[in-house]
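Work through the exercises below with the sequence and the model at hand, and compare your reasoning with the solution that follows each task.

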Amino acid sequence: MAWYKEWFGEDYLDLYAHRDGDEARRHIDFVERHFDSEPPRAVLDLACGAGRHTEELRRRGFRALGIDLSLTLLAVGTQLPRVGGDMRHLPFADACFDWILNFFTAFGYFEEERENFRVLEEVSRVLRPGGSFLIDFFNAAKVVQGLKAQETVERGGRTVDIERWFDAGAKRINKRIRIQDPGRPSRTFLESVRAYSAEEMECGMRWAGLVVDNLYGSFSGDPYDHDSERLIIVGHRPA
Ligand SMILES: C[S@@+](CC[C@H](N)C(=O)[O-])C[C@H]1O[C@@H](n2cnc3c(N)ncnc32)[C@H](O)[C@@H]1O
């Protein structure tokens, strides 16, 4: 089974509990600073997970809707409007969102380049002309440079062994995560993300009919450079 169908469940939620509502608030502060932001706006939280950004957007009066593939994550916060679906085939009409937001490296999951770029085509299709998008990706070169091959984390009686490697041929950053809890069988998951450079991302966006307006390196609004932690791409669909 594809890694992204297995990994985003209960163990992911536990391990990434620090990716929480406070962080989501800072992300949406950034969006409000950088986008034209008169609520209500129709906003898609693309690959929304447990819905922390959907929740924050709705708290601020935006008409936000989330979509995600993981039924386990969608079952968290069931009061939030979210739908199950695949980002390569969005179950929405053309031009129905004012903004599309994709947070925390939820891109580059598929093996084929064309499948990853298909997501951008879908963003372009469901965004209204003149609408804005944001993709919050990692700075792949920086991640590769600082890759810790082996790490063991002890948390709440649980041992998490993480192995990381860069597959230069496939240009993918891979992570194997082995979780051992006392009294439970151990679980092993894979995470594998295509290490797109800023240039490759921009090229994919142009191909999908999107315009890139700015590249940021953090949610503080620093410009993107080769040392940035993040590659935050902000752009729009031409009117
Ligand atoms: C790293 S998490 C980020 C979640 C959320 N954006 C956040 O910041 O908390 C990546 C998300 O992508 C979702 N995902 C993976 N493959 C997907 C697909 N093919 N279509 C839609 N969502 C997918 C996962 O289920 C997971 O919720």
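Two exercises follow, one on a helix and one on a pair of domains.

This is a predicted model, in which local features need pLDDT of at least 70 and side-chain atom pairs count only at pLDDT 80 or more, while totals for chains, interfaces and linings use all residues. Residues are numbered from 1 along each chain as its sequence is written.

**Exercise 1.** Determine which residues of helix 3 are buried and which elements they pack against.

*Solution.* Begin with the extent of helix 3, a DSSP run of H or I with at least four residues, numbered from the N terminus: residues 21-34 form this helix. Next, apply the burial criterion, by which a residue is buried if 20 or more other C-beta atoms, placed from the backbone, lie within 10 Å of its own, and exposed if 12 or fewer do. Ala24, His27, Ile28 and Val31 of helix 3 are buried. Seen down the axis of helix 3, the buried residues fall within an arc of 95° (taken over directions from the axis to the C-beta atoms), so they line one face of the helix. The face turned away from that buried side carries exposed Asp22, Arg26 and Arg33. Finally, the buried residues of helix 3 pack against helix 4 (52-59), strand 4 (97-102) and strand 5 (127-138).

**Exercise 2.** State how the protein chain is divided into domains, and how far apart their centres are.

*Solution.* The bounds, which come from an automatic or database domain assignment, give domain 1 (3-139 + 197-236) and domain 2 (142-192). Taken over C-alpha atoms, the centres of domain 1 and domain 2 are separated by 24 Å.

Methods
Helices (H or I, at least four residues) and strands (E, at least two) are DSSP runs, numbered from the N terminus. The expected span of a helix is 1.5 Å times one less than its number of residues. Two residues are in contact if their C-beta atoms, placed from the backbone, lie within 7 Å.
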